[in-house]
Amino acid sequence: MSTEEIRAMELLTRVSYGRVATSMRAMPFVAPARHVVADGSVLLRMHAGHGYHRACGGGVVAYGADNFGSEETDLWSVQFTGTAEIIQPTAPELELFGRGPHRVDGEPFEPVYMRLVPQFVTVHTLDYSRERQSQHAA
């Protein structure tokens with residue numbers, strides 16, 4: 001893995017959720033997903049009830065996550081693009097995900113899992129440290 005890919009994977013471990021993007025019936029969509037990093041790939045957990053996994057499985061997807069809602073002075077965004085494969089995770093991988101929600105949009109949560117092996121990785125950083133420091137100066 002390149003330095004950028006290693007950094008992106010490390011940043012991804014700092015947050016639990018992101019957004020997967022692909023197209024379904026020729027229309028683009030973005031859906032939330034829980035992620036974990038395992039063995040150089042990104043594992044995703046989504047709600048099967050929406051059927052989004054059918055559009056993702058076997059297709060090219062983009063997965064992005066960020067820390068934009070945090071109070072950190074260095075904000076970042078990562079994006080992974082590659083082919084998603086529907087999988088049955090191993091017991092240790094399931095443990096990494098932890099408990100899922102009880103309901104999604106009022107329906108019982110039914111998990112489906114995918115593995116994304118990144119072919120392209122992008123990291124963007126935004127540094128607000130000076131601006132935030134000057135806001136607190138008297």
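## Hairpins at the start of the sheet

Which residue in the turn between β2 and β3 has a positive phi? That would be Asp39, with a phi of about 55°. Just two residues sit between these strands, and together β2 and β3 make a hairpin. Keep in mind throughout that this is a predicted model.

Strand β2 covers residues 27-38 and strand β3 covers residues 41-47. They run antiparallel to each other, with five bridges between them. One pairing to look for is Arg34, whose bridge partner in β3 is Arg45.

On its other pairing, β2 teams up with β1, again in the antiparallel sense, this time over eight bridges. Here Val20 has Ala31 of β2 as its bridge partner. β1 and β2 also form a hairpin with two residues between them, and the turn residue with a positive phi is Arg25, at about 55°.

## Salt bridges

Now for the charged pairs. As a rule of thumb, side chains of opposite charge can pair when their charged atoms come close. The count for this model is three salt bridges.

Start with Glu10 and Arg14, whose closest N and O atoms are 3.1 Å apart. Both ends get some exposure: Glu10 is partly exposed at 36% relative accessible area, and Arg14 is partly exposed too, at 48%.

Next come Asp66 and Arg19, which meet in a salt bridge at 2.7 Å, N to O. This pair links distant parts of the chain, since Asp66 belongs to strand β4 (residues 60-66) and Arg19 to strand β1 (residues 17-24), 47 residues apart. Arg19 is partly exposed, with a relative accessible area of 38%.

Then there is Glu93 with Arg115, where the closest N and O atoms are 3.4 Å apart. Glu93 is in helix α3 (residues 91-97) and Arg115 is in strand β8 (residues 111-127), so this salt bridge ties together parts of the chain 22 residues apart in sequence. Is the glutamate end, Glu93, buried or exposed? Glu93 is buried, because its relative accessible area is 8% and the cut-off for buried is under 20%.

## Asn67 in its loop

Asn67 is worth a stop on the way past β4. You'll find Asn67 in the loop between β4 and β5, the latter covering 74-87. Despite that loop position, Asn67 counts as buried, at 5% relative accessibility.

What does the side chain of Asn67 reach at 3.3 Å? The backbone oxygen of Asp74. The Asn67 side chain also makes a polar contact with the side chain of Glu72, at 3.2 Å. Setting aside neighbours within four places in sequence, the residues in contact with Asn67 are Val15, Glu72, Asp74, Leu75 and Trp76. Glu72 and Asp74 therefore turn up both in that contact list and as polar partners of the Asn67 side chain, Glu72 through its side chain and Asp74 through its backbone oxygen.

## The largest pocket

Last stop: empty space. Rolling a probe the size of a water molecule over the atoms shows where such space is left. In this model, the largest pocket holds about 170 Å³. It is lined by 13 residues, and the closest to its centre are Pro32, Ala33, Met46, His47 and Val104.

Which elements give two or more residues to that lining? They are β2 and β3, the strands of the hairpin with Asp39 in its turn. β2 gives the most, with four residues.

Notes
Residues are numbered from 1 along each chain as its sequence is written. This is a predicted model: local features need pLDDT of at least 70, side-chain atom pairs count only at pLDDT 80 or more; totals for chains, interfaces and linings use all residues. Side-chain values use heavy atoms; hydrogens and water are left out. A salt bridge is a side-chain nitrogen of Lys or Arg within 4 Å of a carboxyl oxygen of Asp or Glu. Buried means under 20% relative accessible area, exposed over 50%, partly exposed in between (1.4 Å probe, protein chains only). Two strands pair if DSSP finds at least two bridges between them. A polar contact is a pair of N or O atoms within 3.5 Å; within protein, one must be able to donate a hydrogen and the other to accept it, and residues adjacent in sequence count only if both atoms are side-chain atoms. Contact means heavy atoms within 4.5 Å. On a 1 Å grid over the protein atoms alone, a cavity is a set of points where a 1.4 Å probe fits but cannot get out, and a pocket is an open set with protein on both sides within 12 Å along at least five of seven lines; lining residues have an atom within 4 Å of a point. Grid points are joined across faces, edges and corners, and a volume is the space filled by probe spheres set on the points.
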